[in-house]
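Subject: Structure handover

Hi there,

Here is the structure I promised to pass on. Please open it first, then read my notes below alongside it.

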There are 2 protein chains.
Amino acid sequence: MPRARIKDPLLKLPGYVLRRASAAALAELNQRLARLDLRHADVAMLMLIESSPGITQSQAGHVLAIQRANMVPFVARLEGRGVLQRRQVDRRSQALDLTRRGRMLLVRARRVVAAHEAALLKRVPDRLRPMVLPILMALWNRDRP
Amino acid sequence: MPRARIKDPLLKLPGYVLRRASAAALAELNQRLARLDLRHADVAMLMLIESSPGITQSQAGHVLAIQRANMVPFVARLEGRGVLQRRQVDRRSQALDLTRRGRMLLVRARRVVAAHEAALLKRVPDRLRPMVLPILMALWNRDRP
DNA sequence: TATTGTTATACTCTATAACTATA
DNA sequence: TATAGTTATAGAGTATAACAATA
């Protein structure tokens, strides 16, 4: 039982609340995904490959904001698990595709993600809900650095 | 120059966009703070101590969601830098206060944060701007786990 | 010359377990 | 018995530099 309530002066800062909201949501999603032995980044990768079969490793890294160097062990882990396979497109590029196992796993993962996203949105009052995605996209501002 | 545009299937997911927006904003803030040799968490700590002088180390960790074990080197670094000081409140609790140097640094840091927050909000269309904080607070949902 | 994948490495952040000394 | 601080350690995630092979 907390003794004295402490005022948090950071709650007025959208940037701070953005970070805390993101961290909380991410932790929650990872917990939900744990029973599939997946992390949020794994599912993002699977969804991207399903959407763009044959996408190259570097293209995928670019979309997901994962650097080339970090893609190597990441992709290797998923390949070693048998959920994706690499295919030589030319002699330096690797095309990525889901395996049957990957597609089956993605079906289950997508349900978990959908439940998570629904839970997130449900916290927002009905009136504000349509503004969630537009506001987050605007805050992201992924063009201008 | 990108060859073929790749559709990102994750852009419809608030949770994903939340994460990307947070990561981008955080990187930007840390860049802005670099000239003061500060990280975002440092400023959060300074602002919290200024708001609640004498807050204990464990209370601060609780508010900032930093675990006790991780508070130790964190606080030690700031203390070693002379921006905060620890004071024994009883024989197990440490009260934290800003030093003069800490207060002076915070004045400058606050300006950087304010510029950052303003830049964030400016990306959001006027009509949506008043909903930013309410929506982020709702998404955070810091009560229910 | 620029790009792709790769290796190696380092740094930050976060998480866990165990210990001590206090309240 | 629960709490505050500490130590040690491990794991993510991310960042940089350099290299080979190829477009």
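A residue is called near a molecule or strand here if one of its heavy atoms lies within 4 Å of it. By that rule, 16 residues surround DNA strand C, and the closest are Ser58(A), Arg92(A), Gln94(A), Arg39(B) and Asn70(B).

Before going further, a word on the model and its conventions. This is a predicted model, in which local features need pLDDT of at least 70 and side-chain atom pairs count only at pLDDT 80 or more, while totals for chains, interfaces and linings use all residues. Residues are numbered from 1 along each chain as its sequence is written, chains are lettered from A and ligands numbered from 1 in the order in which they are written, and side-chain values use heavy atoms, with hydrogens and water left out.

DNA strand C
Of the atoms of this strand within 4 Å of the protein, 57% belong to sugar or phosphate and the rest to bases. Some polar contacts (pairs of N or O atoms within 3.5 Å) stand out for a closer look. The side chain of Arg92(A) has an N or O atom 2.3 Å from a base oxygen of DNA strand C. Gln57(A) places a side-chain N or O atom 3.2 Å from a phosphate oxygen of DNA strand C, and for Gln67(B) the distance from such an atom to a phosphate oxygen of the strand is 3.2 Å. By class, the surface near DNA strand C has 3 nonpolar, 6 polar and 7 charged residues (Ala, Val, Leu, Ile, Met, Phe, Trp, Tyr, Cys and Pro count as nonpolar, Asp, Glu, Lys and Arg as charged, and the others, Gly among them, as polar).

DNA strand D
Here 17 residues surround the strand, with Asn70(A), Ser58(B), Arg86(B), Arg92(B) and Gln94(B) the closest. Sugar and phosphate make up 60% of the atoms of DNA strand D that come within 4 Å of the protein. A polar side-chain atom of Arg86(B) lies 2.8 Å from a phosphate oxygen of DNA strand D, and one of Gln57(B) lies 3.0 Å from a phosphate oxygen. Arg68(B), in turn, has a side-chain N or O atom 3.3 Å from a base nitrogen of DNA strand D.

The two protein chains
Chain A can be laid on chain B with an RMSD of 0.0 Å by a turn of 180° and a shift of 0.0 Å along the axis (superposed by least squares on the C-alpha atoms of residues with pLDDT of at least 70 in both). That is the relation of a two-fold axis. In chain A, the C-alpha of Ser22(A) is nearest the axis, 3.2 Å from it.

Best wishes

Methods: A polar contact is a pair of N or O atoms within 3.5 Å; within protein, one must be able to donate a hydrogen and the other to accept it, and residues adjacent in sequence count only if both atoms are side-chain atoms.
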